[in-house]
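The exercises below go from the fold of one chain to the way in which two chains meet. Please try each task on the coordinates before reading its solution.

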2 protein chains.
Amino acid sequence: MERHFDEELNELYTYLLKMASMVQEAISRSIESLKNNDRKMAEDLINSDAEIDELEILIDDKCVDLIARYQPVAKDLRFIATAMKINAELERIADLAVDIAQRVLELVDKPLLKPLIDIPKLSVIAQRMVSDSIEAFIKRDTDLAKRVLASDSEADKLRNYIADELVRDYMSVDPKTVDRGIPLLLIARHLERICDHTTNIAEDVIYMVEGKIVKHKHLY
Amino acid sequence: MERHFDEELNELYTYLLKMASMVQEAISRSIESLKNNDRKMAEDLINSDAEIDELEILIDDKCVDLIARYQPVAKDLRFIATAMKINAELERIADLAVDIAQRVLELVDKPLLKPLIDIPKLSVIAQRMVSDSIEAFIKRDTDLAKRVLASDSEADKLRNYIADELVRDYMSVDPKTVDRGIPLLLIARHLERICDHTTNIAEDVIYMVEGKIVKHKHLY
């Protein structure tokens, strides 16, 4: 029975890693569609979100099923409960990639307001935080989880920089830029919120391993 | 044992209702602080979020503890698993009330851009959706859950109306209004995202009761 449970836990890992990789792919494609002004890529991304929703349900059912059949306690139960929470975070991240794609559709017929440098940079940070937070969970690595929390201030700073620049140098100077500036500003916020979800995952990992409540917003 | 489990489930209800009422209160106070230009109220709200975070952890631990001690299966297990998901949604809603309060702090020293009518209206819808979604969960009432899903299009429309008006009548006309328009636009988005979280709760309720996956975005 014990070995079988471990096998099924491994299956759960596999699903979660698949989910994480689909989510990273979604972030990456949303920013590609922005950079390339690619309506079809943005639309495809929006339509493909249903697959991620299905995987979320599958993982959730798997967790409930594991609890029902093996009735794990203590560490194993807490691990599965955490997997359910992380699964929900990943699905929310995918929704934010869809939000980005929707902003891209608002921008796609308009000339680009400015060269895109910082938004792609922020998306790279976001993708790294997704993979680090999932790795921290699977390896029960609280040091890595803490590094994810520490990265969040970098993401916050970059988001603020992007927003300030858009307001100060474009929208506050030339009102004709407002309808192109706001979607970019929102994309920066969507990315930063993706980072926030990865810090939720990191907090869950630390609580699972150390039993300590970390609300990093009050620490950094 | 059976009766004891029911008693503990009732305790779980009580906690969740307490959480829901704190969350509604947070939404209401965030909008009050906006209407009254009240810096202290906004700051107090931001500081009091820690209490909601603590209650989230308490509910989460209670759920894991119930599963570990009673090893419920089938319906009861699914109910507790759903409670954990809903708990996380409520905490995210409280975070959005904090986001609103942060926007209020950005606005508090500046003259009001326009009389506030539609944002308070949207906040009333959001609060109703919070209480309806929690009631749907506790009563296992899928009809009420479906009404929550149906309300979301009303919230979306009002959010779009608010955003369009801010861009069209203010920010696109007079660039001096941009730094006051953007926080208002974001507050409308925060409120609409609160509504989205209540539809997540409603979807979870329908899945719990009917085993049907409802992703309302594709239905309405």
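**Exercise 1: the single chain**

Of the 220 residues of chain A, 48% count as buried, where buried is taken to mean that 20 or more other C-beta atoms, placed from the backbone, lie within 10 Å of the residue's own. The model is a predicted one, in which local features need pLDDT of at least 70 and side-chain atom pairs count only at pLDDT 80 or more, while totals for chains, interfaces and linings use all residues. Residues are numbered from 1 along each chain as its sequence is written, and chains are lettered from A and ligands numbered from 1 in the order in which they are written.

Task: determine the secondary structure of chain A, and its radius of gyration against that of a compact globule.

Solution. Begin with the DSSP runs, counting helices (H or I) of at least four residues and strands (E) of at least two, numbered from the N terminus; chain A then has six helices and zero strands. Next, take the radius of gyration over C-alpha atoms, with the globule rule of 2.2 Å times the number of residues to the power 0.38: a compact globule of 220 residues would come near 17 Å, and the 19 Å of chain A agrees with this. Finally, the C-alpha trace of chain A spans about 65 × 40 × 20 Å along its principal axes.

**Exercise 2: the symmetry**

Task: find how chain B can be laid on chain A.

Solution. Superpose the copies by least squares on the C-alpha atoms of residues with pLDDT of at least 70 in both. A turn of 180 degrees, with a shift of 0.0 Å along the axis, lays chain B on chain A with an RMSD of 0.0 Å; the two copies are therefore related as by a two-fold rotation axis. Among the residues of chain B, B:Pro175 comes closest to the rotation axis, its C-alpha lying at 2.6 Å.

**Exercise 3: the contact between the chains**

Task: describe the side of chain B that touches chain A, by element and by class.

Solution. Count two residues as in contact if their C-beta atoms, placed from the backbone, lie within 7 Å, which gives 24 residues from chain B and 24 residues from chain A. Helices H2 (39-70), H3 (74-107), H5 (142-171) and H6 (178-210) of chain B each supply at least two residues of its side, and H3(B) gives the most, with six residues. Sorted by class, this side has 16 nonpolar (Ala, Val, Leu, Ile, Met, Phe, Trp, Tyr, Cys and Pro), six charged (Asp, Glu, Lys and Arg) and two polar residues (the others, Gly among them).

Key
Buried ≥ 20, exposed ≤ 12 C-beta atoms within 10 Å, placed from the backbone.
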